Amino acid sequence: MLWIIIALLNLLIETSESFTVVVPGDPVEAHVGSTVILPCWISPPENAEALEIRWYRQDFNNPIVFYHDGKIQDIQECFRNRSSLTPRSDQSGGLKDGDISLRLEKLTFQDEGPFHCYVSGESSYGSKVVDLKVTESSVSDPSDSSGPWKALFFTLLVFALLGLVGFILYKYREKLTGKKPAKENSEEGTMEKLIKEVVEDVTIEELRRHAVEITIDRERSHPDLRVSKDCKILRDSPGYNHTGEGFPYQLCAFGAQRVSSGRHYWEVELALNNTPPKIYWCIGVVKEGSSASRDRSALTPSAGFWFLCSDGPNGFHTNTDPPVKLSLTPRPERLGVLLDYDDGQLSFYNVTERKHLLTISSRFSGSVVPLFNPGVGDKSVLKILDCPKPEESAAESSQPLLSNNSSDA
């Protein structure tokens, strides 16, 4: 039982910027012809009725169950009349408590394998996999009727224990993570309200405690980019002829600093005085050694790229798979970027409006460097700002936050 608690601690100690999708660590087993529930829920608990929910096998665009706008929109043909969104236990509050579990009836051997649980909101998303193992029907001893009840009791006991530990962690998350929890509201618990409270709870001053100086590596910049002498200002060359369709993803510049641990924050100015704000840009991080490509499909997290892109009238999107489109109003004029390497999170903030925009959850490996792309055609430049240096203790100051590429032979 102790390992269950330890696993849950790792799952539920999270930042207050986004929710996390949680599934059992072990495969779910069931007999052919029986009914099974594939547990999946979001943490911290919140109302999932306004979210988009997809359960799918291999094809994201061909979901088993697709829930959107408060109702199920589509069910895959071979799962019709035998699949539904069902609470994982009698103690669960269902969608209102973030329980998005999938119920499957009349199991066949073809149902065995991974099931993807995907949840998306306005500024956060997550995905986990539940493995289903289908076995042959077993003949039980008719004299022993306590077996099913023992299994049910054990299952309820485990979920009750998980819920208790999760509740304790949620209540004391300020001590565990150093961040204040979102204010509770006994009447409404929608994701929109939770995000709003989280935004109000995070200040730019707290983010700037992790501020570091970022400069552009001239040697790795695209030849059609202009970089200032101090390696802080970036724009497209006047003579560059953008002949391709869509955003010029290849026009990338890379930061001269490498990150392999810790939290690091920087800000980028997107609207200088007397010039309109930029509407074309990509800002994020990239695994060291990765090369930019004209093909957007090649710039994914699996290829070592994580960024938020502003593609003019086409709006904002991430490069995740699948991509997440956002409606950011007002348009950011100063963008804050917080890279939490150890927790695997890349967060973006509208510094002027003091709002959290989006957090991309991933798993980083090796060294990553900042990524900048100024797009083509804007009158404004992209400028990396000098933020106030974070306050460091004597122990912290002896450990460098970043290393410079140019200093390594």
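Start with the whole chain in view: 48% of the 409 residues in the protein are buried. The model is a predicted one. Colour by secondary structure, and six helices and 26 strands appear. Turn on contacts next; among those between residues at least 6 apart in sequence, 66% join residues at least 24 apart. With the surface displayed, the accessible area of the protein is about 21,300 Å², and carbon and sulfur atoms account for 50% of that.

**Aromatic pairs**

Now show the rings of Phe, Tyr and Trp. The whole structure holds 10 aromatic pairs. Select Trp-41 and Phe-159, an edge-to-face pair with 6.4 Å between centres and 75° between the planes. Which elements carry these two rings? Trp-41 belongs to strand β4 (residues 41-43) and Phe-159 to helix α2 (residues 147-171), so the pair ties together parts that are 118 residues apart in sequence. Is Trp-41 buried or exposed? Its relative accessibility is 14%, and because buried means under 20%, Trp-41 counts as buried.

Move to Phe-247 and Tyr-249. This aromatic pair is tilted, at 5.0 Å centre to centre and with 55° between the planes. Both partners are covered by the same cut-off of 20%: Phe-247 is buried at a relative accessible area of 4%, and Tyr-249 is buried at 6%.

Then select Tyr-56, Phe-60, Tyr-118 and Tyr-125 together; these residues form one aromatic cluster.

**Charges over rings**

Keep the rings on and add the arginine side chains. Select Arg-57 and Phe-115: the charged end of Arg-57 sits over the Phe-115 ring, 4.0 Å from its centre. For another such arrangement, go to Arg-220, which lies over the face of Phe-254 at 4.1 Å from the ring centre.

**A patch on the surface**

Return to the surface display and select Trp-149, Leu-152 and Leu-156. What do these residues form on the surface? They make up a nonpolar patch, and their accessible area together is about 320 Å². Trp-149 is located in helix α2, the helix (residues 147-171) that also contains Phe-159 of the pair with Trp-41. Is Trp-149 buried or exposed? Its relative accessibility is 62%, and exposed means over 50%, so Trp-149 counts as exposed.

To end the tour, keep Trp-41 and Trp-149 selected: Trp-41 is buried at 14% relative accessibility, whereas Trp-149 is exposed at 62%.

Conventions
Residues are numbered from 1 along each chain as its sequence is written. This is a predicted model: local features need pLDDT of at least 70, side-chain atom pairs count only at pLDDT 80 or more; totals for chains, interfaces and linings use all residues. Side-chain values use heavy atoms; hydrogens and water are left out. Helices (H or I, at least four residues) and strands (E, at least two) are DSSP runs, numbered from the N terminus. Buried means under 20% relative accessible area, exposed over 50%, partly exposed in between (1.4 Å probe, protein chains only). Contact means heavy atoms within 4.5 Å. Accessible areas come from the Shrake-Rupley method with a 1.4 Å probe; for residues, only the protein chains shown count as cover. Rings of Phe, Tyr and Trp (its six-membered ring) pair if their centres lie within 6.5 Å; planes under 30 degrees apart count as stacked, over 60 as edge-to-face and the rest as tilted. A charge sits over a ring if NZ of Lys or CZ of Arg is within 6 Å of the ring centre and within 35 degrees of the ring normal. Patches are made of residues with over 30% relative accessible area and no salt bridge: like charges are joined within 9 Å, nonpolar side chains (Val, Leu, Ile, Met, Phe, Trp, Tyr) within 5 Å. A salt bridge is a side-chain nitrogen of Lys or Arg within 4 Å of a carboxyl oxygen of Asp or Glu.
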